[in-house]
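This briefing is for a reader who is new to the structure shown below. Please look over the sequence and the model before reading the points that follow.

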Amino acid sequence: MFGQSKAFSGFSVDDLGEARRFYGETLGLQVEETGEGDMRTLVLKLGSGAQIFVYPKESHTPATFTVLNFPVDDVDAAVAELERRGVTLERYPEFDHDEKGIVRGDGGPKAIAWFTDPAGNVLSVLQER
């Protein structure tokens, strides 16, 4: 029934202006603002053609799980670029991180590193096997 649908995902933030700067300037994504007043939203346009809907929510609570993963060819280079742009990596006690903050493992992706947006939502860069 929905196999041909152009479905999209979305998540909330507490400050749309900060989100626009972070996703557009810091991460370098194409960001479009839609709507007016209290109905303003952002649409993140990804190279794959996917779109992510970002909306303001006054009672925003950051997601405690990864809301957006960015597959990359070289996770070390991606982490270095994120840090150059002022992004701090997250370290979770249940994972063994290397000195760069990257988790390298036998299962799942070859390597993954997490960071948050200004609203506290969890994002990652990951290198697939």
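**Helix 2 and its surroundings**

Just after helix 2, glycine 86 takes a positive phi of about 90 degrees. The model is a predicted one. The points below begin with helix 2, then turn to salt bridges, to serine 12 and to the protein as a whole.

*Helix 2*

- Helix 2 covers residues 75–84, and Val75, Ala78, Val79 and Leu82 are buried in it.
- These buried residues line one face of the helix, because they fall within an arc of 100 degrees when seen down the axis of helix 2.
- An α-helix has 3.6 residues a turn, so residues three or four places apart point the same way.
- The buried residues of helix 2 pack against four strands: strand 6 (89–90), strand 7 (103–104), strand 8 (111–116) and strand 9 (122–127).
- At the N-terminal end, helix 2 is capped by aspartate 74, which has a side-chain oxygen 3.0 Å from the backbone nitrogen of aspartate 76.

*Salt bridges*

- The whole structure contains eight salt bridges.
- One of them joins lysine 45 to glutamate 32, with 3.4 Å between the closest N and O atoms.
- This pair links distant parts of the chain, since lysine 45 is in strand 3 (residues 41–45) and glutamate 32 is in strand 2 (residues 30–34), 13 residues apart.
- Lysine 45 has a relative accessible area of 26% and is therefore partly exposed; glutamate 32, with 33%, is partly exposed too.
- Glutamate 81 forms a salt bridge with arginine 84, where the closest N and O atoms are 2.6 Å apart.
- Both glutamate 81 and arginine 84 lie in helix 2, three residues apart, which is about one turn of the helix.
- Glutamate 81 also forms a salt bridge with arginine 85, the closest N and O atoms being 2.7 Å apart.
- Glutamate 81 is partly exposed, with a relative accessible area of 29%.
- Arginine 84 counts as exposed at 61% relative accessibility, while arginine 85 counts as partly exposed at 36%.
- Asp76, Asp98, Lys100 and Arg104 are joined into one network by salt bridges that share partners.

*Serine 12*

- Serine 12 lies in strand 1, which spans residues 9–13.
- The relative accessible area of serine 12 is 9%, so the residue counts as buried.
- The side chains of serine 12 and histidine 60 are joined by a polar contact of 2.7 Å.
- Apart from its neighbours within four places in sequence, serine 12 is in contact with Tyr55, Lys57, His60 and Asn121.

*The protein as a whole*

- The secondary structure consists of two helices and nine strands.
- Read from the N terminus, the elements follow the order β-α-β-β-β-β-α-β-β-β-β.
- The radius of gyration is 15 Å, which agrees with the value near 14 Å for a compact globule of 129 residues.
- Taken along the principal axes, the C-alpha atoms fill a box of roughly 45 × 35 × 25 Å.
- Of the 129 residues, 36% count as buried.
- Among contacts between residues at least 6 apart in sequence, 52% join residues at least 24 apart.
- The accessible surface comes to about 8100 Å², and 48% of it belongs to carbon and sulfur atoms.

Terms used. Residues are numbered from 1 along each chain as its sequence is written. This is a predicted model: local features need pLDDT of at least 70, side-chain atom pairs count only at pLDDT 80 or more; totals for chains, interfaces and linings use all residues. Side-chain values use heavy atoms; hydrogens and water are left out. Buried means under 20% relative accessible area, exposed over 50%, partly exposed in between (1.4 Å probe, protein chains only). A polar contact is a pair of N or O atoms within 3.5 Å; within protein, one must be able to donate a hydrogen and the other to accept it, and residues adjacent in sequence count only if both atoms are side-chain atoms. Contact means heavy atoms within 4.5 Å. The arc is that of the directions from the helix axis to the C-beta atoms. A salt bridge is a side-chain nitrogen of Lys or Arg within 4 Å of a carboxyl oxygen of Asp or Glu. The radius of gyration is taken over C-alpha atoms; the globule rule is 2.2 Å times the number of residues to the power 0.38. Accessible areas come from the Shrake-Rupley method with a 1.4 Å probe; for residues, only the protein chains shown count as cover.
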